[in-house]
Amino acid sequence: MIATLADYRAKLEALVPIYEAELARAIEKREQWRDLLGRGIISRKEFETTETAVAATQHKLEDTRRAIAEADHAMVEATTARALAGLAPSAGAGMSRRRP
């Protein structure tokens, strides 16, 4: 299970620079279109598509980072569970002594 989580996390981690580059392009396009809007070349509705693209890309990046944090948490839990499962039960654990 830990290996599967580590693989999942690695795949998510590989997406981060892709989404960061996508976000940078979306922001750059938004700024270019803001200039075009200011000069009256495009409509407000056309400009708003770039705002939507930036927000969607930011959301995708945030979701990916959140999923990485969740995978990290799950790996810690799985590692802890494995370590605890490997501990030998203490002598007399769960048994009560009867007094004569």
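A residue counts as buried when its relative accessible area is under 20%. Keep that cut-off in mind as you read this predicted model. Take A71 as a trial case. Its relative accessible area is 4%, so A71 is buried. Across the chain, which has 100 residues, 21% count as buried.

Now step back to the overall layout. The chain holds two helices and zero strands. Helix α1 covers residues 2-38. Helix α2 covers residues 44-85. A loop lies between α1 and α2, and S43 is part of this loop.

How do the two helices sit against each other? α1 and α2 pack with their axes 8 Å apart. The angle between them is about 165 degrees. Angles over 145 degrees count as roughly antiparallel, so α1 is roughly antiparallel to α2. The crossing of α1 past α2 is left-handed.

The contacts tell a story about sequence distance. Consider contacts between residues at least 6 apart in sequence. Of these, 73% join residues at least 24 apart. The residues below give examples of contacts across the chain.

Start in the loop. S43 has a relative accessible area of 34%. Partly exposed residues fall between the 20% and 50% cut-offs, so S43 is partly exposed. Count ten residues along the sequence and you can pair S43 with W33. Their C-alpha atoms are 9.6 Å apart in space.

Next, look at R30 in helix α1. Is R30 buried or exposed? R30 is buried, because its relative accessible area is 16% and the cut-off for buried is 20%. Leave aside the neighbours within four places in sequence. R30 is then in contact with F47, T50, E51 and V54. V54 also belongs to the largest nonpolar core.

That core deserves a closer look. The largest nonpolar core has nine residues. They are L12, V16, Y19, L23, A26, V54, L61, A67 and I68. Which elements give two or more residues to this core? They are α1 and α2. α1 gives the most, with five residues. I68 is one of the core residues. Beyond its neighbours up to four places away in sequence, I68 touches R9, L12, E13 and V16. Of these partners, L12 and V16 are listed in the core as well.

Move on to T57, which is placed in helix α2. T57 has a relative accessibility of 5%, so T57 counts as buried. What does T57 contact, leaving aside its neighbours within four places in sequence? The partners are Y19, E22, L23 and A26. Among them, Y19, L23 and A26 are members of the largest nonpolar core. The side chain of T57 also has a polar atom to place. That polar atom lies 2.8 Å from the backbone oxygen of A53.

Compare this with A21, a residue of helix α1. A21 is partly exposed, because its relative accessible area is 34%. A21 and T57 are 36 residues apart along the chain. In space, 9.9 Å separates their C-alpha atoms.

Finally, return to A71, the trial case. A71 is found in helix α2. Leaving aside neighbours within four places in sequence, A71 is in contact with Y8 and R9. R9 is also one of the residues that I68 touches. A71 can be paired with I2 too. In sequence, A71 and I2 are 69 residues apart. From C-alpha to C-alpha, the two are 9.7 Å apart.

Put the pieces together. Two helices pack at an angle of about 165 degrees. Both α1 and α2 give residues to the largest nonpolar core. Buried residues such as T57 and A71 can be set beside partly exposed ones such as A21 and S43.

How values were computed:
Residues are numbered from 1 along each chain as its sequence is written. This is a predicted model: local features need pLDDT of at least 70, side-chain atom pairs count only at pLDDT 80 or more; totals for chains, interfaces and linings use all residues. Side-chain values use heavy atoms; hydrogens and water are left out. Helices (H or I, at least four residues) and strands (E, at least two) are DSSP runs, numbered from the N terminus. Buried means under 20% relative accessible area, exposed over 50%, partly exposed in between (1.4 Å probe, protein chains only). A polar contact is a pair of N or O atoms within 3.5 Å; within protein, one must be able to donate a hydrogen and the other to accept it, and residues adjacent in sequence count only if both atoms are side-chain atoms. Contact means heavy atoms within 4.5 Å. A nonpolar core is a set of buried Ala, Val, Leu, Ile, Met, Phe, Trp, Tyr and Cys residues joined through side-chain atoms within 4.5 Å. Axes are lines fitted to C-alpha atoms, for helices over the stretch in contact, and angles run from 0 to 180 degrees between N-to-C directions. Angles under 35 degrees count as roughly parallel, over 145 as roughly antiparallel, 65 to 115 as roughly perpendicular and the rest as oblique. A crossing is left-handed if the near helix is turned anticlockwise from the far one by less than a right angle, and right-handed if clockwise.
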